[in-house]
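Here is a set of short exercises with worked solutions. Take a look at the sequence and the coordinates, and then work through them step by step.

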Amino acid sequence: MSEQKLPSRTEDFSEWYNQLVLRAELADYAPVRGCMIVRPYGWSLWENIQGALDRRFKATGHVNAAFPLFIPKSFLEREKAHVEGFAPELAVVTIGGGETLEEPLIVRPTSETIIGHAYAKWIKSYRDLPVLINLWNSVVRWELRTKLFLRTLEFYWQEGHCAHATHEESLEETMRMLEIYRDFAENDAAVPVIAGRKSQSEKFAGALNSYSIEAMMGDRKALQAGTSHDLGDHFARAFDIRYLDRNNEQQFCWTNSWGLSTRFIGAIIMVHGDEQGLVLPPKLAPHQIVIVPIYKNDGERSEVMPVVEKVRATLGDAGFRLKVDDRDMTPGAKYYDWEMRGVPLRIEIGPKDVAKGTVALARRDKPGKEGKSFVSQESLTGAVAETLQDIHASLFDRALAHREANTHDPKNYDEFKQVVENGFAFSWWCGRAECEAEIKEETKATNRCVPLNQPGGEGQCIHCGQTTKEKAIFGKAY
RNA sequence: CGGGGUGUAGCGCAGUUGGUAGCGCACCGCGUUUGGGACGCGGGGGUCGGCGGUUCGAGUCCGCCCACCCCGACCA
């Protein structure tokens, strides 16, 4: 139970985040540096994220499977850019059963290579395509600087791996999954995102092109919240994933991969959280509603609890995820506790409500009296459904307004430097890696993506002045 | 991997010139309480981050190591 106030979100965002994660009981530090324990409340949130994504994956023809944790070192080495990108952050097993291994095993940082090995065996004919497989697992990347959910040595995610007959189909799949991420982020998590293409220096190691959804956090920094990679024929060539086409000719496959991780929980925290703690989007919250019974003595208790039970049954039958908090604490303490944990809606039922046939409804996104209303027990189910929808909409609107208010179109590079100190710059960019690198060097801001939605026309690169047709989002990022 | 900081009960901290460890919160029990963080009484809990050294005696002094957090370079 949390007793003290959180550090100020506006004055010390980082410390606010750290303590919020611990006090909301989402996660805890593990005994190994950089590793995290996901606590039941955090995992429950992840399960709801999994459910929301998995439904979408299944609806688009994907199936789940499991691949090994260990990958032969030689596999990684088969794709040059891939191994170069991941080498610095690999965990390597050299001893097994007390014996030094003949070939060291990599603890998977991602599964493209071992997938490539399997797909090469499984795919013989154009009739075998496409292969649409998703994995729910964890991967290990030996990061130097870690933060709960945002960057840990081991993290949980899903990785989809698809093989297609043509590049067009593979690219179409890449974009379909990016759109699924966007749809999930905005419609389930109420996190507005910018879908775009990563620059060549920011793309996945081994990809032809990477695409991402980028979100703005409460401190105006960017977070890559999901990625989808067009792997071209790179991994197909490295692992010899080939098929016989209709003309009986050998062709290389075209593959793609896409992932979204527990980092997304960090996004939810940093986009919606407030001074009181976590604020969860209703569609993903482990408990959408918490019911707090109020009574002064056993007499009142015996009046209140049957009504609490009736409301619980009614709302439970209507499909809401809810919890009755019957702990032996004062109601006020419970309010603070559930506010810390971000429960979207609180229902208070006391003797006055029993007498009047009402309940008190308090919404998490609007603090104090502003968010509190009294609703008759008869019309509660409808009111709850409506309010939860409204909370989702207002969370999304608030986050979008925040991003728009902090996204600028600077007139020149001096202005650009100012802007990226405290938000996003949406600027013309020549597309050259040198320009991007210099901007990063000079401002600490990175190229987040080239949004798919472009204004059209042309302009001058914000850094070098070269004429270009594309605008990119720049900002400081996690 | 560089710079900074912190390690004493679950958390936050105190601990004097070295003398054998305490406070608040949390936790457990009983009672009174309960519409925005209740109160009283009683109780449990510590190899003082680790190893070594100085000393009759180390939480305290010295050395080495470790862990975690923050800031930079790399990343979902």
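A residue counts as buried under 20% relative accessible area, exposed over 50%, and partly exposed in between. Keep in mind that this is a predicted model.

**Exercise 1. Classify the two rings of an edge-to-face pair**

Task: decide whether Tyr156 is buried, partly exposed or exposed, and describe the pair formed by Trp43 and Tyr156.

Solution. Start with the accessibility. Tyr156 has 24% relative accessibility, so Tyr156 counts as partly exposed. Trp43, at 28%, is partly exposed.

Next comes the geometry. An edge-to-face pair needs centres within 6.5 Å and planes over 60 degrees apart. The ring centres of Trp43 and Tyr156 lie 5.1 Å apart, with 80° between the planes, and the pair is edge-to-face.

Finally, place the pair in the fold. Trp43 belongs to helix H2 (residues 40–59) and Tyr156 to strand S8 (residues 154–164), so this pair ties together parts that are 113 residues apart in sequence.

**Exercise 2. Examine a pair within one helix**

Task: work out which geometry the pair of Tyr413 and Phe416 has, and where the two residues lie.

Solution. Planes under 30 degrees apart count as stacked. For Tyr413 and Phe416 the angle is 20° and the centre-to-centre distance 5.6 Å, and the pair is stacked. Both residues sit in helix H13 (residues 413–419), three residues apart, or about one turn of the helix. As for burial, Tyr413 has 15% relative accessibility and counts as buried, and Phe416, at 0%, is buried too.

To round off the rings: the count comes to 14 aromatic pairs, and ring pairs link Trp46, Phe57, Trp136 and Trp258 into a cluster.

**Exercise 3. Find charges over rings**

Task: say which ring lies under the charged end of Arg341, and which one lies under Lys356.

Solution. The charged end of Arg341 sits over the ring of Tyr41, 5.5 Å from the ring centre. Lys356 lies over the face of Phe374, at 5.9 Å from the ring centre.

**Exercise 4. Describe the surroundings of the RNA**

Task: describe the protein surface near RNA strand B, and give examples of its polar contacts.

Solution. Begin with the count: 45 residues surround RNA strand B, and the closest are Arg33, Arg145, Arg263, Thr330 and Asp353. Sorted by class, this surface has 17 nonpolar, 11 polar and 17 charged residues.

Now turn to the RNA side. Of the strand B atoms within 4 Å of the protein, 45% belong to sugar or phosphate and the rest to bases.

Then look at individual contacts. An N or O atom in the side chain of Glu339 is 2.6 Å from a base nitrogen. A polar backbone atom of Gly350 is 3.2 Å from a base oxygen. Lys444 places a polar side-chain atom 3.1 Å from a phosphate oxygen.

The elements giving two or more residues to this surface are helix H10 (331–340), strand S17 (345–349) and helix H11 (351–356). The largest share, six residues, comes from H10.

**Exercise 5. Check for disulfides**

Task: how many disulfides does a search of the whole structure find, and why is Cys449 not in one?

Solution. Recall first that a disulfide is a covalent bond between the sulfur atoms of two cysteines. A search of the whole structure finds zero. For Cys449, the closest cysteine sulfur is in Cys461, 16 Å away, which is too far for a bond. Cys449 is buried, at 0% relative accessibility. Cys35 is also buried, with a relative accessible area of 18%.

Notes: Residues numbered from 1 in each chain as written. Chains lettered and ligands numbered in written order. Predicted model: local features only at pLDDT ≥ 70, side-chain atom pairs only at ≥ 80, totals over all residues. Heavy atoms only, no water. Near = heavy atom within 4 Å. Polar contact = N/O pair within 3.5 Å; in protein donor to acceptor, adjacent residues only side chain to side chain. Helix = DSSP H or I, 4+ residues; strand = E, 2+ residues; numbered from the N terminus. Nonpolar A, V, L, I, M, F, W, Y, C, P; charged D, E, K, R; others polar. Phe/Tyr/Trp six-rings, centres within 6.5 Å; stacked < 30°, edge-to-face > 60°. Buried < 20%, exposed > 50% of the residue type's maximum accessible area, 1.4 Å probe, protein only. Lys NZ or Arg CZ within 6 Å of the ring centre and 35° of its normal. Disulfide = S-S within 2.5 Å.
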